[in-house]
Each structure stands twice: as structure tokens, then as C-alpha cells.
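Here is a friendly briefing to read alongside the model on your screen. It goes through internal space, helix packing and some backbone details.

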Amino acid sequence: MFWKFDLHTSSHLEALLDKEDVTLAELMDEEDVLQECKAQNRRLLVFLCQDQSMQELVRLITTEPPTGVEETKRFKYPNIACELLTSDVGVINDKLGNEEPLLESLYAFLEQPSPLNPLLASFFSKTIGNLITRKTEQVISFLQKKDGFLSLVLKHIDTSAMMDVLLRLISCVEPPPLRLETLTWLNEQKLAQRLIELIHPERDEERQSNASQTLCDIIRLSRDQASQLQEISQPDPLLTVLESQECVEQLLQNMFSGERTESCIVNGIQVLLTLLEIRRVDGVMDAQGFERSYTVNSSILLAIQPHLIHFHQLLLEPPKREPMLTTLGVLEEPLGNTRLHVARLVASLLYTSSASHAVVAQELCRLNTLNLLLDLFFKYTWNNFLHLQVELCVAAIVRPCAHEMRLQPGLVTQEKVKPHPDASPEQELNETPTSELSDISENSAHNLMVTHLFQHCHLVQRILEAWEENDKIQSDRGMRRGYMGHLTRIANTVVHNLEKGPVHTQISSLIAGLPEDYRGRWETFVDQTLSETNRKNTIDLAFSDYQIQQMTANFVDQFGFNDEEFTDHDDSIGATFDRIAEININIDAGHDSANTAVFEACSKERIQPFDDDEEDIWEEKEINYATQAKCSQYLSYYHYFAPAAGAGFSAWDTPVSQPAATEAEEKGWAKFTDFQPFCCCCEQTECLFLVIDFASDFTSITGKQIQPPHTKGVCSLLDAAHFVSVLLSV
């Protein structure tokens with residue numbers, strides 16, 4: 001064994017540590033310095049924890065290296081220094097976290113002018129993040145003393161590494177009371193409001209993008225922490241502020257103030273989508289198998305509702321984009337990221353579960369936003385991202401079990417919808433008065449959406465016309481439209497909820513109210529075209545069971561066949577009998593079906609009973625070996641259908657002469673005396689085939705034509721067996 005031999009060679013690092021004038025650079029040049037540090041080499045750690053060494057390590061990760069050095073070697077020492085400081089060794093963490101001068105040197109990196117070096121910023125973020133996790137109390141106390149800490153971090157938010165610093169403060173602080181104290185401190189510093197201020201058309205795109213991503217991560221992390229730490233009664237202060245109506249209104253005002261840029265609108269919508277995000281609640285599923293949605297705070301929808309007209313206007317007049325060259329030609333007016341995100345927002349609004357959902361639903365119907373989305377659906381033939389969002393909108397309306405559209409009585413009167421300050425007088429007149437919304441019943445909002453979709457958006461007519469247009473294009477050897485897959489899913493969703501579901505009665509009445517022409521075309525489309533399309537789309541793959549496996553962490557280990565399937569089962573004698581016991585055999589002996597009667601009638605008519613004066617079937621017969629070469633092609637039938645041992649004859653029985661076939665023997669069951677292995681020839685095929693005159697009856701009943709091996713009315717034993725099994729199953 002290897003451990004019997006001392007193959008360990010003394011590291012050159014030990015020789016360097018023996019030198020009195022060894023430098024940090026010399027140690028960092030050694031390849032195994034990181035391994036020795038993580039292995040907690042005592043002499044190395046003593047050297048690294050000296051004040052001079054720690055100051056040098058901090059200086060390396062916070063100071064720009066000198067220029068003029070080869071780029072591959074310029075950041076070598078800063079990288080190694082960062083790895084040493086974050087090696088998660090206790091003595092190094094204690095030295096760096098407890099020594100305030102070292103923390104001051106580390107903090108000085110934030111005081112540098114913008115922009116920061118991205119690589120050095122990542123080194124700083126990794127080091128300070130490790131200290132927040134390992135030396136939480138000391139680092140949080142130090143940062144709270146710095147009045148300008150949050151301002152400096154937000155000043156450099158255009159560097160993505162600064163996002164990690166903020167997220168570490170929110171997600172990596174333990175225990176829970178200390179975390180709540182940290183969140184309260186950040187909320188007092190107005191972190192949420194200051195991040196929202198960065199999402200403004202006047203800010204640069206990188207700063208807007210990072211601020212938006214930080215807000216989204218804060219919302220998700222806060223909700224996850226709230227679900228995991230349910231013992232804390234106090235709510236998350238940051239999440240409470242972000243879900244407030246005032247905060248959402250501030251975000252929307254920034255998005256639509258001044259020039260409407262795509263960057264500002266898209267980043268703002270991403271925050272709104274996170275606030276409206278559908279989340280699983282304790283793994284509970286609804287009746288149709290969809291995840292029950294997270295109950296969205298009503299204040300979010302009340303803040304969004306006055307600005308729906310602005311989002312609708314963005315669908316009509318998005319920010320200007322240059323023509324785009326695609327594989328199908330030049331697209332003069334691209335859809336754009338703005339309109340795609342607006343479609344995503346509408347779909348999320350329709351899927352939310354909130355008491356104020358009816359307010360949004362009525363406004364969308366008044367603006368006719370769904371009809372506009374359907375126009376874009378058919379206009380942009382090849383944009384499947386848009387097609388998916390429109391499909392989700394339709395599914396949310398016709399499948400109400402996936403969401404709730406309910407308005408609690410008195411809600412709107414208690415929480416007034418604030419008008420948009422920049423809205424024109426004409427827009428204010430078009431907006432629905434709040435007092436009228438309080439009279440909406442629980443189900444009226446949903447009924448309004450369904451009616452609007454089928455009557456005003458003409459969903460059924462659009463499906464039929466688009467399908468017929470696609471068929472015409474394909475008949476002219478054109479290309480299939482890119483939205484046909486999603487259009488098929490939309491049609492199936494309508495048909496499914498037309499047959500069953502909470503709103504099937506309303507959908508049925510709406511379709512029944514269509515013009516007679518469209519109603520007849522819809523019925524034909526559902527019964528023929530859509531059914532045939534669904535049949536073609538149904539593919540049974542050999543490994544479908546494995547392809548639909550959930551992608552989990554141990555998916556690779558679970559994929560494919562089970563190893564036990566290929567092992568010997570000799571040790572488990574009862575395994576086979578256990579399987580037999582699981583077989584469910586249900587025989588209806590007393591049930592007479594029409595198929596059984598047809599079979600029996602055919603048998604009585606065509607099959608003659610055996611005569612009492614037949615020859616003895618057990619009598620030994622002579623075997624003729626002269627013609628066995630001519631009938632070798634029939635031996636496979638004999639091997640499959642020869643009588644069991646002891647029940648008939650043996651290939652080595654005493655040969656006797658073969659009697660000639662008579663006219664009476666041409667119908668009925670073949671004689672067992674003729675069923676011998678090596679006595680046949682091409683003219684006398686009765687030795688291996690049953691002479692049955694069932695060809696015409698078989699064809700008339702099953703529609704399958706029998707092709708006998710040689711002569712009409714003669715079928716092989718294999719065909720005869722198949723004939724009987726088919727008759728019994730018809």
C-alpha cells in the first residue's frame with residue numbers, strides 16, 4: 001500500500017520559511033502556498049498573520065497594480081492575496097475582522113473615484129463578503145459607524161461587484177435578530193428608495209440595470225427568508241417598503257418621466273414582474289395542477305392600475321428601433337424588448353391572486369389591451385417570445401382555476417387609486433371612476449374578461465382565419481407560420497375549458513352566439529382539423545419516461561436504467577412469483593358478446609367435426625426423408641407449432657407410408673397424421689399448414705387480406721393463430 005512508504009517530499013515552502021529575510025512575494029511565488037494555507041501550516045499562518053504581511057495583502061487587493069507589467073502577471077499577486085484572505089482559516093479571519101486598521105484599509109477602497117477596477121472590486125467584494133459571513137458582529141458594527149457607507153456603495157453600483165456586497169448584508173447575516181437589526185439599519189438609510197431613484201432615464205444603462213437586478217434579488221431573498229424564518233413576528237422592513245404603493249408609484253413615475261428610454265422601462269418592468277412573481281405556497285397545487293400563486297399585495301396593483309394606459313401606449317408607440325436583419329429578411333419595425341416586457345407584465349397581472357385584481361381587469365378591458373396583443377401576435381409571425389406571453393394571457397382568462405379575480409367589498413373605497421400626476425385631462429376622463437368599481441361583484445371581473453376576449457377580441461374568428469390562411473400558404477408550398485404551435489395550444493385551451501371548468505357555461509354561450517358561419521366552421525375545426533393536429537403532435541418516444549424526469553441535483557445519477565435491472569436475481573427466488581401475484585386477470589365467463597357469436601357461427605359453418613372412424617392419431621407412421629430438402633423453408637413453423645413432447649410423434653419414430661389426401665379432407669381441421677416434420681413437399685403442404693377456408697370471412701370481418709403461402713384458402717399456422725386472436729379481440 002502507498003501509506004507503507006514515505007513518499008511525502010518536503011515542500012520548498014518550508015525552506016523559505018527557514019530564511020530570516022523571506023518576503024511575502026517569495027512565498028506567494030510558490031505553487032503550493034494556497035494548499036499549505038488551507039491545510040493550516042502553522043509556520044505559514046504565523047508569517048501571514050503578522051501586521052506587515054496582512055497590511056500588504058490588503059494593499060494588494062485594493063490598489064491598482066503598476067502598469068507596464070505583462071497583463072497575465074499584473075494581477076497575479078492580487079489574486080493570490082485575495083485567495084489567502086478568503087481561505088476561511090480561523091486565524092486569518094480573526095486577524096482581519098478584529099483589527100480595525102485593517103478594516104479601515106479595506107474600506108478605503110470604496111473611497112476611490114469611479115469607475116473602480118472591476119477585478120479589484122471583485123476581490124474587495126469577496127473579502128468583505130467573507131468577513132460578513134464569518135465575523136458578522138464586528139463587521140456590521142464597523143460599517144454602521146460609517147455614515148457614508150451606503151452612499152459609496154451606490155456610487156459604485158455600476159460595478160456589479162457592489163451588488164454582491166449589498167446582497168451579503170441582506171442574506172448572510174446570522175442570527176435572525178442581528179439580521180433584522182441590519183435590515184432595519186439599511187431601511188433607515190432608505191436603501192430601497194435610493195435604488196429606485198437610480199432607475200431613471202437620466203442615469204446610465206449599466207447603473208439602471210444593476211439597480212434593477214439588486215432590487216429584484218432583495219425582493220426574492222426577503223420573501224424566501226420570510227418563509228423560512230416564520231418564528232420572527234416582525235415583517236421584513238425592506239420588503240414592506242418595496243411592496244408599498246408609494247414605492248411602486250415612485251418607480252412608475254421614474255419610468256414615464258421625460259424621454260421614455262427602453263433601458264429604463266425594461267429595468268422598471270423587471271422589478272414589477274418580481275413584485276408580481278408567482279410563487280409556490282408550501283408546494284400546494286390547485287385543482288388543475290398549477291402552482292397556487294403568491295398572494296400579491298393589493299397596493300402593488302392599485303399603484304399599477306393608473307399607469308396601464310401608459311403601458312398600452314408603449315404597445316402602440318414603442319421607443320424607436322432601427323430595422324433588423326433576420327434570416328427571413330429585413331424587419332422594418334422590430335417588436336423590441338419594451339413591447340415584449342409589457343406583454344410579460346400584462347400576463348403577470350392576469351395571473352395575480354389579489355383582492356384588487358378586478359380593478360386591473362376592468363382597466364385592461366377598457367383599454368382593449370388584449371385585442372392589441374392579439375394583433376401583435378399575428379403581426380410578428382416568428383417571435384415566439386411574444387407568442388408565449390399572449391398564450392399565457394388567454395390561458396389566464398379562460399382557466400380561472402390558475403388565478404383568482406375577486407374584489408373584496410369596500411376595498412377600493414378604503415384604498416383610493418391615486419391619479420397619475422402627468423396624465424392629460426383626456427386620459428383622466430377616460431379612466432374609470434373609483435366609486436364605480438366598488439359595485440363590482442366577485443365574479444363580474446372574470447365574466448367581463450371572458451366576454452371581452454370572445455366578443456370584442458374575436459378569439460374564435462382569429463383562430464379560424466389564421467389557421468385557414470396558414471393552410472393556404474402551405475398548400476402553395478409556403479412556410480408554416482411560426483405562431484401555429486402556440487395557436488394550437490390556445491385552441492386546445494379553449495376547447496378544454498369549453499368542455500369542463502368553472503366558466504364552460506359562459507364560453508359555450510359565447511360560442512353559441514357566434515354567427516352561424518363561424519359556429520359551423522368552429523365545430524368542424526374542433527372535430528377534424530384540431531383533432532388531427534393533436535394526433536400528429538402526440539409522439540410516444542422510447543425514452544419518454546426518462547426525458548420527463550425532473551432536473552434535480554442528482555438527476556445524472558438517476559437518469560437511465562436502474563442498475564438492479566441488470567443484476568442476477570438468483571438470490572431472490574420469490575421475485576418471479578411476487579410479480580405473478582400482482583397480475584390482475586379478469587375473465588367474464590358468463591358474458592356473451594356479439595363478436596363471440598359471430599366467431600361461433602363462422603366456426604360451425606366452416607369447420608367440420610372429427611369423424612369417429614378416423615385413423616388412430618397415435619399410430620406410428622413412416623417418415624419420408626426423400627423430400628426433406630424441398631421443404632426446409634417450412635421448418636421454422638414446425639419448431640414454433642410442433643406438438644409437445646409425448647403428445648404426438650418424434651422425429652425419429654418408425655417411418656410408415658403417408659396416406660393420400662382425400663377430397664373430404666380439404667376442409668376442416670388438418671389430420672394429426674398429416675402433421676409430421678419431414679414428410680412434406682411443395683405440392684403437399686398439409687404436413688405443416690392447416691387447411692382452412694377462412695380467407696374470405698377473415699377479410700370481411702377484420703378488413704385484413706390473408707396471403708397464403710402457396711394456394712388459395714391455405715394459411716400458415718402463424719396466420720391461423722393470428723386469425724383466431726383477431727376474431728376474439730374484434
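A cavity, in the sense used here, is a set of grid points where a 1.4 Å probe fits but cannot get out, and its lining residues are those with an atom within 4 Å of a point. Please keep in mind that this is a predicted model. With that rule, five cavities of 30 Å³ or more turn up, and the largest of them has a volume of about 70 Å³.

**The largest cavity**

- Which residues line the largest cavity? They are Leu103, Leu106, Tyr107, Leu110, Phe124, Ile128, Phe142, Leu143, Phe149 and Val165.
- Three elements each give two or more residues to this lining: α9 (100–107), α10 (118–134) and α11 (136–144).
- The largest share comes from α9, which supplies three residues.
- By class, the lining has 10 nonpolar residues, no polar ones and no charged ones.

**Helix α11 against helix α14**

- Two packed helices are described by the angle between their axes and the distance between the axes.
- Helix α11, already met at the cavity, packs with helix α14 (residues 176–188) at an angle of about 15°, and their axes are 12 Å apart.
- Angles under 35 degrees count as roughly parallel, so α11 is roughly parallel to α14.
- The crossing of these two helices, α11 and α14, is left-handed.
- On the α11 side, the contact is made by Thr136, Glu137, Ile140, Leu143 and Gln144; on the α14 side, by Leu178, Glu181, Thr182 and Trp185.
- Leu143 of α11 takes part in this contact and is also one of the residues lining the largest cavity.
- Sorted by class, the contact of α11 with α14 has four nonpolar, three polar and two charged residues.

**Helix α15 against helix α16**

- The axes of helix α15 (residues 191–198) and helix α16 (residues 205–228) come within 8 Å and cross at roughly 145°.
- This crossing of α15 and α16 is left-handed.
- From α15, the residues in contact are Leu191, Ala192, Leu195, Ile196 and Leu198; they meet Arg207, Gln208, Ala211, Thr214, Leu215 and Ile218 in α16.
- The contact of α15 with α16 has eight nonpolar residues, two polar and one charged.

**Helix α24 against helix α25**

- Helix α24 (residues 369–379) and helix α25 (residues 384–398) pack at an angle of about 145°, and the distance between their axes is 9 Å.
- Is the crossing of α24 and α25 left-handed or right-handed? The crossing of α24 and α25 is left-handed.
- Helix α24 brings Leu370, Leu373, Leu374, Leu376 and Phe377 to the contact, while helix α25 brings Leu386, His387, Val390, Cys393 and Ile397.
- The class split for the contact of α24 with α25 is nine nonpolar, one polar and no charged residues.

**Backbone details to look at**

- Most residues other than glycine have a negative phi, and most peptide bonds are trans.
- The peptide bond from Ser114 to Pro115 is cis, with omega near -5°, and Pro115 sits in the loop between α9 and α10.
- Another cis peptide bond runs from Glu174 to Pro175, with omega near 0°; Pro175 belongs to the loop between α13 (161–171) and α14.
- Gln40 is not a glycine, yet has a positive phi of about 60°. Where is Gln40 located? Gln40 lies in the loop between α3 (33–38) and α4 (42–48).
- His458, not a glycine either, has a positive phi of about 55°, and its place is the loop between α29 (444–456) and α30 (459–475).

Methods
Residues numbered from 1 in each chain as written. Predicted model: local features only at pLDDT ≥ 70, side-chain atom pairs only at ≥ 80, totals over all residues. Heavy atoms only, no water. 1 Å grid on protein atoms, 1.4 Å probe; cavity = no way out; pocket = protein on both sides within 12 Å on 5 of 7 lines; lining within 4 Å. Points joined across faces, edges and corners; volume = space filled by probe spheres on them. Helix = DSSP H or I, 4+ residues; strand = E, 2+ residues; numbered from the N terminus. Nonpolar A, V, L, I, M, F, W, Y, C, P; charged D, E, K, R; others polar. Axes fitted to C-alpha atoms, helices over the stretch in contact; angles between N-to-C directions. Left-handed = near helix turned anticlockwise from the far one by under 90°. Contact = heavy atoms within 4.5 Å. Parallel < 35°, antiparallel > 145°, perpendicular 65-115°, else oblique.
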